[in-house]
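Grab a coffee and try these exercises on the structure below. Each one comes with a worked solution.

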There are 2 protein chains.
Amino acid sequence: MNTAASRRRPATIHDVAREAGVSRGTVSRVLNGGHYVSPTAKAAVEAAIRRTGYVVNRHARSLITGRSDSVAFLLTEPQERFFEDPNFNVLLRACTQALADRDIPLILMIAGTEDERRRNLRYIEAGHVDGVLLVSSHSGDPVVTRLHEAGVPVVACGKPLGQTARIGYVAADDRGGARDMVRHLYASGRRRIATVGGPLDTPGGVERLAGYRETLDECGLPADETLIATGDYSRASGEEAARVLLERAPDIDAVFVASDLMAQGVLDTLARAGRRVPEDIAVGGFDDSPAALSSRPALTTIRQPWDRISAEMVRTLLARIAGEEPSAVILPTALVRRESA
Amino acid sequence: MNTAASRRRPATIHDVAREAGVSRGTVSRVLNGGHYVSPTAKAAVEAAIRRTGYVVNRHARSLITGRSDSVAFLLTEPQERFFEDPNFNVLLRACTQALADRDIPLILMIAGTEDERRRNLRYIEAGHVDGVLLVSSHSGDPVVTRLHEAGVPVVACGKPLGQTARIGYVAADDRGGARDMVRHLYASGRRRIATVGGPLDTPGGVERLAGYRETLDECGLPADETLIATGDYSRASGEEAARVLLERAPDIDAVFVASDLMAQGVLDTLARAGRRVPEDIAVGGFDDSPAALSSRPALTTIRQPWDRISAEMVRTLLARIAGEEPSAVILPTALVRRESA
DNA sequence: CATGCGTCTGTGAGCGTTCACAGTAGAGAA
DNA sequence: TTCTCTACTGTGAACGCTCACAGACGCATG
């Protein structure tokens with residue numbers, strides 16, 4: 001290993017070819033799958049690559065193929081909300097690793113402000129990445145349309161709301177998860193089941209509320225709008241929503257909360273109001289975030305399969321890049337029983 | 001804007017040159033700072049760029065310049081620990097944005113396993129990035145040495161321990177922060193001040209403990225090894241460490257804990273032992289993470305200037321890439337007074 | 001024996017930039 | 001006038017790779 005030499009001038013495909021006694025073309029073929037290469041030549045090339053420490057120059061390759069062999073992870077959130085969300089960490093981490101398995105670097109992009117959005121779109125539309133993993137919770141996000149119009153392969157995390165364009169996405173079964181939780185509350189004898197929903201311009205907000213409504217109906221409980229409050233997924237909004245609920249309907253015996261963070265806030269308010277959980281009121285969360293474990297009592301919640309979501313996002317994005325049509329993937333959630341319900 | 005046309009074949013520098021009635025060379029000069037270009041030509045080129053929607057092909061540029069105009073954010077942690085750490089989010093986010101301001105994409109790399117480490121090193125050593133923002137807490141990390149030997153510009157977050165190689169880094173003033181906290185505890189009348197330190201193979205663990213020791217000495221309090229416990233920054237380890245401390249020294253009236261997460265664990269144990277905070281025992285944390293605000297009572301803690309740390313990491317890395325010598329930057333922390341002390 | 005086919009190999013061209021160099025024009029100095 | 005200097009401009013040659021093509025070889029088929 002000529003470490004010193006390879007540092008000052010990295011080995012090129014020429015060096016490998018010379019070393020192996022073959023032509024550039026043959027080396028290139030070995031690099032790209034090894035079809036139409038004799039076993040002898042292939043072995044010689046592989047040995048030469050090892051000896052020279054050759055690593056392909058991706059820029060040169062990209063220049064001619066037109067592919068960049070990289071993928072953007074684009075986060076479009078006005079606030080820092082997502083970065084505080086523990087789910088986001090899991091998602092980002094798992095996507096990075098799923099891509100790394102295929103030797104594709106992940107480029108992290110954050111488009112909080114209008115300016116950042118413009119810059120990132122410019123970068124993406126210039127063809128500097130082959131595709132985009134999109135994390136954008138809000139409906140009517142102009143980024144989605146722009147990317148779609150530019151013909152850039154996109155896979156969104158969660159169903160993009162209010163989007164006419166056919167765009168691929170991967171999501172947890174929010175509605176099913178909500179149903180499971182409300183059924184669980186009902187099965188444990190609760191009959192006055194309230195809910196704290198998420199923002200209605202997010203898919204989670206819409207679907208989880210729908211699941212709640214469906215299940216109430218299915219169980220024969222009356223639809224009662226005073227039992228429905230809405231938050232913005234923050235802890236503070238959970239506190240506030242619980243206050244409102246207690247005032248409007250003091251006799252509630254269960255709350256299904258659309259996120260663990262909000263559920264923490266709900267627990268705070270309930271504790272302050274002297275209600276015991278789960279004796280007086282059962283509380284069900286959503287996400288199975290670390291907060292669910294650290295809250296007192298520990299939260300019964302719905303686990304979203306983030307590892308599978310990430311894996312599917314990467315898989316479908318690569319399929320899309322390879323020319324397949326956009327697809328929608330919905331993955332099942334799981335009820336996690338702890339102390340609060 | 002010929003959106004349709006520009007999609008099937010993006011404008012090249014040739015198109016711009018033709019459109020502006022100048023040569024490739026002139027366009028290139030405008031693109032790279034505009035020196036030695038007449039105002040007329042410059043204006044013509046800029047207009048042509050706008051009309052054609054031209055965006056530079058970074059692959060072609062990189063091929064000849066040898067630079068990639070991208071930077072890696074490399075996380076080397078055996079466990080998921082860092083991803084759970086709220087500080088990490090702030091750091092990653094701020095670095096991404098500081099780089100975006102300079103139009104440099106951030107490539108996220110995670111080297112948890114040995115295999116991932118090898119792959120990422122291979123990528124970096126091949127020159128696919130111009131430099132590395134390194135987040136690695138443990139001493140003796142082989143990655144640091146490898147990168148240094150390969151001559152890749154590196155800036156670490158936190159002082160790399162046990163490293164002979166001169167490597168640039170940016171860190172919060174852990175020792176000073178610890179001093180501030182212990183002085184604060186002393187000033188509020190506490191005289192039996194214990195500590196729960198971090199792992200001693202992390203710079204935070206070492207420095208914060210040192211600051212604790214120095215301040216005890218400075219205040220004329222006796223050095224007492226039974227007052228020192230160690231955790232691994234996790235909440236559970238905080239619980240355990242507090243148990244140990246209470247057993248060894250039931251008369252303690254203050255604890256300086258080297259992280260907010262551990263401090264939460266300490267609070268749990270104290271509550272279970274019937275000790276009131278801050279009446280019986282004062283508790284000081286470190287990090288000013290969201291956990292500090294949500295714990296009951298809210299934690300008095302030390303804020304690390306993550307936004308400035310990120311900005312400095314990016315600044316010094318770019319300086320290093322430009323040829324400057326590695327530098328060490330230590331940034332001041334701030335005491336945040338809440339209820340626990 | 002010619003023909004065709006499948007497997008393997010080398011060669012030239014070109015991807016879109018930057019860089020070094022050569023060259024032009026105009027201003028000022030000798 | 002002539003020379004020099006500065007400001008500006010255009011041109012060819014890379015950078016390292018892939019792709020299309022052409023050619024060579026062995027083998028089976030007609």
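A polar contact here is a pair of N or O atoms within 3.5 Å. Keep in mind that this is a predicted model.

**Exercise 1.** Work out which atoms of DNA strand D pair up with Arg29(B), Ile13(A) and Asn57(A).

*Solution.* Start with Arg29(B): a polar atom of its side chain sits 3.0 Å from a base nitrogen of DNA strand D. Next, Ile13(A) uses a polar backbone atom, 2.4 Å from a phosphate oxygen of the strand. Finally, Asn57(A) also brings a backbone N or O atom, at 3.3 Å from a phosphate oxygen.

**Exercise 2.** Describe the protein surface near DNA strand D.

*Solution.* Count first: 25 residues surround the strand, and Tyr54(A) and Arg24(B) are among the closest. On the DNA side, sugar and phosphate make up 60% of the strand's atoms that come within 4 Å of the protein. Now sort the residues by type: 12 are nonpolar, 9 polar and 4 charged. Then ask which element gives the most; that's α5(A), with 5 residues.

**Exercise 3.** Decide whether Ser68(B) is buried or exposed, and find its surroundings.

*Solution.* Locate it first: Ser68(B) is in the chain B loop between α5 (58-65) and β1 (71-75). Its relative accessibility is 7%; the cut-off for buried is under 20%, so Ser68(B) counts as buried. Its side chain makes a 3.0 Å polar contact with that of Ser70(B). Farther along the sequence, its contacts include His128(B) and Asp130(B), plus His59(A) from chain A.

Methods:
Residues numbered from 1 in each chain as written. Chains lettered and ligands numbered in written order. Predicted model: local features only at pLDDT ≥ 70, side-chain atom pairs only at ≥ 80, totals over all residues. Heavy atoms only, no water. Helix = DSSP H or I, 4+ residues; strand = E, 2+ residues; numbered from the N terminus. Buried < 20%, exposed > 50% of the residue type's maximum accessible area, 1.4 Å probe, protein only. Polar contact = N/O pair within 3.5 Å; in protein donor to acceptor, adjacent residues only side chain to side chain. Contact = heavy atoms within 4.5 Å. Near = heavy atom within 4 Å. Nonpolar A, V, L, I, M, F, W, Y, C, P; charged D, E, K, R; others polar. Lists of a residue's contacts leave out its neighbours within four places in sequence.
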